[in-house]
Amino acid sequence: METLLLTVDEFVDNSENYTQAVNWFNSGEVVAFPTETVYGLGAVATDEQAVKKIFAAKGRPSDNPLIVHIGTMEEVARYVVDIPEIAKKCMEAFWPGPLTLVMKVKPNVLAASVTPGMQTVGLRMPNHPVALRLLQTLKKPLAAPSANRSGKPSPTKAMHVWEDLQGLIPCILDGGMTGIGVESTVLDVTLAQPVILRPGGVTKEMLEQVIGPVLEPNFEQQKIESTPKAPGMKYTHYAPNAPVYLIAQDKQQIECALEELQQQQHTVALLAPQNFANVKADYFFSFGDEHELEQMSATLYDALRACDKTNATIILATVTERKGVGTAIMNRLEKAAGGKWYQR
Ligand code: TXA
Ligand code: MG
């Protein structure tokens, strides 16, 4: 299959590109498009055959539910049994934006594969001009997971989608680099107390200001069987080809580790803030300025992907503080590393 790469930025009149994408959606095809978090691979969420193409293109396990994207708040009532008070407050405060709300799904409205065997559905209204214009023109909900091959880091640039899905999908809408760079926060509001199933751009602190106490299981707690979780989180995620190890943002520790690994004939890629650029790693990929969490989240996946273009045999990634979007960054880094820290 030939894959078209169509530019949709604010500098050109690209109505035709939107029309083409909408036509593809209406004829049961999948199209990749930018959101404010990462690129998504969309299909009309009520079209079972189209939704199946998402799973095929991504190589996604069929038991992993998809997030449904909508263009207006009024649509929510079509897909869920009821809208809890907490959800209403969240929608008002954070939509459009990087927050997915898990609610009780109305039976037989969405395609079965969107919510495989589940009683719930994750809904979100993205805050990106391209995604919103697409949804509002199409006037249908779009099921859209991140537009990467399953297991790989999510795409933050159209080129990442191209690298993973070229030849497998008919069209990628290129709207430039995404802003936030990590996926939306997934919040389950069906339980007595709301639970963050996946941390993201809308932080625990931000949520608690609006809805009060929110549970957020950490990496260790997430492994416990009884902890509520997003079905997708049990799979390998965000993984480059070489193994990733976490390390503190400490020059001396990093220099020792590099020396030791290079003595063992390793080729090392270092992912760290810009001020570590002068240490002697074989490859260096910057997370932006030190302590600038937003820069780090925006560049994280690009840096992880860049490692696959090198012959690095091991990747060291510096950790960050667990506050604000740092919680989401650490969640992705721990998954990429499988929880492993560098130890001498
Ligand atoms: O920012 C995002 O959320 C991006 C963009 C494209 O919108 N989408 C995204 O989708 O990250 P995906 O499929 O890569 O991740 C969705 C996560 C998975 O871990 C999935 O298991 C979880 O959300 N999820 C979806 N529906 C759920 C549900 N009903 N209950 C619990 N978890 C759910
Ligand atoms: Mg994903």
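Guide: One convention before we start: Ala, Val, Leu, Ile, Met, Phe, Trp, Tyr, Cys and Pro count as nonpolar, Asp, Glu, Lys and Arg as charged, and the others, Gly among them, as polar. This is a predicted model, where local features need pLDDT of at least 70, side-chain atom pairs count only at pLDDT 80 or more, and totals for chains, interfaces and linings use all residues. Residues are numbered from 1 along each chain as its sequence is written, chains are lettered from A and ligands numbered from 1 in the order in which they are written, and side-chain values use heavy atoms, with hydrogens and water left out.

Visitor: OK, sheet first. What order do the ten strands have?

Guide: β1-β8-β2-β3-β7-β4-β6-β5-β9-β10, in an open sheet with mixed pairing. The edges are β1 (4-7) and β10 (195-198), each pairing on one side only. Strands (E, at least two residues) and helices (H or I, at least four) are DSSP runs, numbered from the N terminus. Two strands pair if DSSP finds at least two bridges between them.

Visitor: And β3 with β7: parallel or antiparallel?

Guide: Antiparallel, over two bridges, with β3 at residues 40-44 and β7 at 142-143. Val-44 has Leu-142 of β7 as its bridge partner.

Visitor: Which strands does helix α1 touch?

Guide: Helix α1 (15-26) packs on the sheet and touches β1, β2 (31-33), β3, β7 and β8 (171-174). Contact here means heavy atoms within 4.5 Å. The direction of α1 makes about 135° with that of β1. Helix α7 (204-211) also packs on the sheet, touching β5 (99-104), β9 (185-188) and β10, and its direction makes about 40° with that of β9. For those angles, axes are lines fitted to C-alpha atoms, for helices over the stretch in contact, and the angles run from 0 to 180 degrees between N-to-C directions.

Visitor: Why is β6 called largely enclosed?

Guide: Because five of the five residues of β6 (120-124) are buried. Buried means under 20% relative accessible area, exposed over 50%, and partly exposed in between, with a 1.4 Å probe and protein chains only. Thr-120, Gly-122 and Arg-124 sit on one side, Val-121 and Leu-123 on the other, and both faces are covered.

Visitor: How many bridges join β4 to β6?

Guide: Three, and β4 (67-69) runs parallel to β6. There, His-69 stands opposite Arg-124. β5 pairs with β6 in the antiparallel sense over four bridges, and Lys-104 stands opposite Thr-120.

Visitor: Switching topic: which residues of helix α5 are buried?

Guide: Val-130, Ala-131, Leu-132, Leu-134, Leu-135 and Leu-138, in a helix that covers 129-138. Their cover includes α1, β2, β3, β4, β7 and β8. Right after α5 comes Lys-139, with a positive phi near 60°.

Visitor: Now the pockets. How much space lies in the largest pocket?

Guide: About 800 Å³. Of its 48 lining residues, Arg-60, Asn-64, Pro-65, Ile-67 and Ala-230 are the closest to its centre. β4, β5, β6, β9 and β10 each give two or more residues to the lining, and β6 gives the most, with four. By class, that lining has 21 nonpolar, 19 polar and eight charged residues.

Visitor: What counts as a pocket or a cavity?

Guide: It's done on a 1 Å grid over the protein atoms alone: a cavity is a set of points where a 1.4 Å probe fits but cannot get out, while a pocket is an open set with protein on both sides within 12 Å along at least five of seven lines. Lining residues have an atom within 4 Å of a point. Grid points are joined across faces, edges and corners, and a volume is the space filled by probe spheres set on the points.

Visitor: How many cavities are there of 30 Å³ or more?

Guide: Two. The largest has about 60 Å³ of space, and its lining divides into four nonpolar, three polar and three charged residues. Among them are Gln-249, Phe-287, His-291 and Met-296.

Visitor: And what lines the second largest cavity?

Guide: Pro-199, Gly-200, Thr-203, Lys-204, Glu-205, Glu-216, Gly-324, Thr-327 and Ala-328. That makes two nonpolar, four polar and three charged, around a volume of about 30 Å³. Helices α7 and α11 (326-337) each supply at least two of the lining residues.
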